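Subject: Handover of a structure and summary of findings

Dear colleague,

Please find below the structure that I am handing over to you. I would be grateful if you could read the notes after it with the model open beside you.

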Amino acid sequence: MIHRRVPLPASLVLTAVSALTLSSCGAGDGSGGNGEPAPAPTAGTPSASRTAPEASRTDRPQLSLPADLSYVFDWPRTGDKEKDAVLVDSEQSIRAVDLAIVNQDSLDPAYLHYYQGEAAAGTEKFIQNYVDEEATITGNYRFYAPRLAVREDGTASFTYCEDQGRAYVKYLRDNKIRKTEVTAESYVEYHTSLKKNSDGVWKVQGVASKSGSAACQP
C-alpha cells in the first residue's frame, strides 16, 4: 500500500514497504476494460498550500503542519460534487499521516479519521517505523496525474503520482536532515480504494504503491 514518504534507512525500507503494501483496487470498477480508473477532468486549478483545504464538513480534524513541510496537489477540481469530495479528503488523508509522523504518534486520531481496516493497520505500522527511529519528514511534496472513478455504491478508486525529489527524512535526536539524490525511485504511483461513510467522509480502505513507476516519471 501507500506510503509514502521518503525512505527510512535501508534496514527499515523493507519493513515499511511490507507494512504498507495493502490490497489495491481491482478490476470491475466501472472505469475501463483494463481495470484502471478513468482520468479526472482537467478543469479547475491545482491546490498548493501547507494549510489543509477547507473541508466540506466542520467535523473533520483541523490539521496544522510545521512550516518546513509544503504540498502541491496538482489535481484540479472537476466540478463534480462527489469527485471533488474524494480529492479534498484524499489531500486531508495525506496530510493527516504526515501529521502523525510529525507528532510521533502511530495512533494519531487525525489520520484514523481518514483510514479504516487494512489501510489503517498498515499505516499505523508505517508511522511506527518513524517513531522507532525518532525520525520525521521535511521538505516539499507534489502530487499529480490524478485518475479518479466514483461509483454509485459509494466507493471510489483514485490513482495518482507523488514527486518525493525535494522531501527528506529528519532525525529528531540531532535535527539532522538525510538528503538523498533524485532518481527514478523518487516518483511514486499510488492506487487507493475509498468508501464514503455515513458522515460523508471518504475513508481510505486500501492503498498500493510503486516506486519508480514509469507513469510518474517527469
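The following paragraphs set out what was found, beginning with the overall layout.

The model is a predicted one. Its chain has 218 residues, of which 50% are buried. Four helices and seven strands are present, and their order from the N terminus is α-β-β-α-α-α-β-β-β-β-β.

I turn next to the strands towards the end of the chain. β4 and β6 run antiparallel and are joined by nine bridges; in this part of the sheet, S157 stands opposite S193 of β6. On pairing with β7 (residues 202-211), β6 is again antiparallel, with nine bridges. L194 has V204 of β7 as its bridge partner. The two strands β6 and β7 make a hairpin, and five residues separate them. Within that turn, G200 has a positive phi of about 85°. Eight of the 10 residues of β6 are buried, so this strand is largely enclosed by the rest of the structure.

The interior also contains empty space. One cavity of 30 Å³ or more is found in the structure, and the largest cavity holds about 50 Å³ of space. Its lining comprises 10 residues, and those closest to the centre are S90, S93, Y160, T192 and V204. Three elements, α2 (81-103), β4 (155-171) and β6 (187-196), each contribute at least two residues to this lining. The greatest contribution comes from α2, which gives three residues. As to character, seven of the lining residues are nonpolar and three are polar, while none is charged. V204 thus appears twice in this account: as the partner of L194 in the hairpin pairing, and among the residues closest to the centre of the cavity.

The aromatic residues deserve a separate paragraph. There are 12 aromatic pairs in the structure. In one of them, the ring centres of W75 and F143 are 6.1 Å apart and the planes meet at 40°, so the pair is classed as tilted. This pair links distant parts of the chain, 68 residues apart: W75 belongs to the loop between β2 (69-73) and α2, and F143 to strand β3 (residues 135-150). W75 has 0% relative accessibility and therefore counts as buried; F143, also at 0%, counts as buried too.

A second pair has another geometry. F126 and Y130 are edge-to-face, with 5.4 Å from centre to centre and 70° between the planes. Both residues lie in helix α4 (residues 117-132), where four residues, about one turn of the helix, separate them. F126 and Y130 are both buried.

Beyond single pairs, one aromatic cluster is formed by Y71, F73, W75, Y141, F143, F158, Y160 and Y190. W75 and F143, the tilted pair described above, are therefore members of this cluster, and so is Y160, one of the residues closest to the centre of the largest cavity.

Two arginines are placed over aromatic rings. R95 lies over the face of Y71, at 5.2 Å from the ring centre. R142 lies over the face of Y144, where the corresponding value is 4.1 Å. Y71 is also one of the members of the aromatic cluster.

With kind regards

Conventions:
Residues numbered from 1 in each chain as written. Predicted model: local features only at pLDDT ≥ 70, side-chain atom pairs only at ≥ 80, totals over all residues. Heavy atoms only, no water. 1 Å grid on protein atoms, 1.4 Å probe; cavity = no way out; pocket = protein on both sides within 12 Å on 5 of 7 lines; lining within 4 Å. Points joined across faces, edges and corners; volume = space filled by probe spheres on them. Nonpolar A, V, L, I, M, F, W, Y, C, P; charged D, E, K, R; others polar. Phe/Tyr/Trp six-rings, centres within 6.5 Å; stacked < 30°, edge-to-face > 60°. Buried < 20%, exposed > 50% of the residue type's maximum accessible area, 1.4 Å probe, protein only. Lys NZ or Arg CZ within 6 Å of the ring centre and 35° of its normal. Pairing = 2+ DSSP bridges.
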